[in-house]
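Please look over the sequence and the structure shown here before reading on. The paragraphs after them are meant as a guided walk for someone who has not seen this model before.

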Amino acid sequence: MAVTMDSKPWYRQFWPWFLIVLPGTVVVAGLSTVVIAVRHADNLVVDEYYKEGLAINRKLSLDRHAAEQGITARLAMGGSRIMVQLPLGLDRYPSELQLLLQHPTDREQDLRLVLANQGAGHYTQTLAAPLSGRWYITLKSFTGDTAEAQDWRLKGEINLNKTAQLELSSRSL
């Protein structure tokens, strides 16, 4: 019985390369995962939790103030124009309203707008391009002074593929 020796060098053999490629692929995939995780990290932990808690309480007081005053707003979006109508008979109409449009999945698309008072509680703003899809809406009074007791906030959600109008009302807390 004669033993035959393969005369090819190791780097021309199939099995060494097969055994090198498998762990090599795992190493490349692992490094890719680390790079993705570092570049797109979710910052869920807040360093200054006490200040964050105070800010949450401040936001809740804005909701309570809107509920106490019974503030409602009608939002209409036609094309690239946004219109907000506050009810008649309010004691004081803010000079401006802040409107935050938050996209549910892409933070890059979020919009923060300032709507100017056109008189009698009617506020408007024009966008660069029309919007579509689902959005979270936050409408906040903006007095521009230190009278924080007058500020309020309304929240809602709209799907612009189904409707272009939304009635925002305060919820009792």
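What follows moves from the overall fold to the sheet, the core and some single residues.

This is a predicted model, in which local features need pLDDT of at least 70 and side-chain atom pairs count only at pLDDT 80 or more, while totals for chains, interfaces and linings use all residues. Residues are numbered from 1 along each chain as its sequence is written, and side-chain values use heavy atoms, with hydrogens and water left out.

The protein chain has two helices and eight strands, where helices (H or I, at least four residues) and strands (E, at least two) are DSSP runs numbered from the N terminus. Read along the sequence, these elements follow the pattern α-α-β-β-β-β-β-β-β-β. Of the 173 residues of the protein chain, 23% count as buried; here buried means under 20% relative accessible area, exposed means over 50%, and partly exposed lies in between, with a 1.4 Å probe and protein chains only. Contacts, meaning heavy atoms within 4.5 Å, often link distant parts of the sequence: among those in the protein chain with a separation of 6 or more, 60% come from residues 24 or more positions apart.

The eight strands form an open sheet in the order 7-6-3-4-5-2-1-8, with antiparallel pairing; two strands pair if DSSP finds at least two bridges between them. At the edges are strand 7 (153–159) and strand 8 (165–169), each of which pairs on one side only. From one strand to the next the twist averages 25°, an angle that, like the others here, runs from 0 to 180 degrees between N-to-C directions, with axes being lines fitted to C-alpha atoms and, for helices, fitted over the stretch in contact. Helix 2 (residues 49–69) packs on this sheet, where it touches strand 6 (134–142) and strand 7, and its direction makes about 90° with that of strand 7.

At the other edge, strand 8 pairs with strand 1 (residues 72–78) in the antiparallel sense over five bridges. Within this pair, Thr72 stands opposite Ser169, and Leu75 stands opposite Leu166. In a regular strand the side chains alternate between the two faces of the sheet. Strand 8 shows such an alternation, since Leu166 and Leu168 point to one face and are buried, while Gln165, Glu167 and Ser169 point to the other and are not.

Where do the nonpolar side chains gather? The largest nonpolar core has 24 residues, and those with the most contacts inside it are Ile82, Leu99, Ile137 and Leu139; such a core is a set of buried Ala, Val, Leu, Ile, Met, Phe, Trp, Tyr and Cys residues joined through side-chain atoms within 4.5 Å. Two or more residues of this core come from each of strand 1, strand 2 (81–85), strand 3 (96–102), strand 4 (111–117), strand 6, strand 7 and strand 8. Not counting residues up to four places away in sequence, Leu139 touches several residues, including Ala73, Val84, Leu97, Leu99, Leu154 and Leu168.

Charged side chains add further links. The structure holds two salt bridges, each being a side-chain nitrogen of Lys or Arg within 4 Å of a carboxyl oxygen of Asp or Glu. In one of them the side chains of Glu167 and Arg74 meet at 3.2 Å, N to O; Glu167 lies in strand 8 and Arg74 in strand 1, so the pair ties together parts that are 93 residues apart in sequence. Glu167 is partly exposed, at 43% relative accessible area, and Arg74 is also partly exposed, at 48%. The side chains of Glu157 and Arg134 meet in a salt bridge as well, at 2.7 Å, N to O; because Glu157 lies in strand 7 and Arg134 in strand 6, this pair ties together parts that are 23 residues apart in sequence.

Lys140, found in strand 6, is buried yet has no salt bridge, and the nearest side chain of opposite charge, that of Asp151, is 4.2 Å away; for this purpose Lys and Arg count as positive and Asp and Glu as negative, while His and the chain ends are not counted. Leaving aside neighbours within four places in sequence, Lys140 is in contact with Leu62, Leu97, Gln98, Asp151, Trp152 and Arg153.

Lastly, Ala120 lies in the loop between strand 4 and strand 5 (122–126). Phi of Ala120 is near 55°, a positive value in a residue other than glycine, and Ala120 is exposed, with a relative accessible area of 51%.
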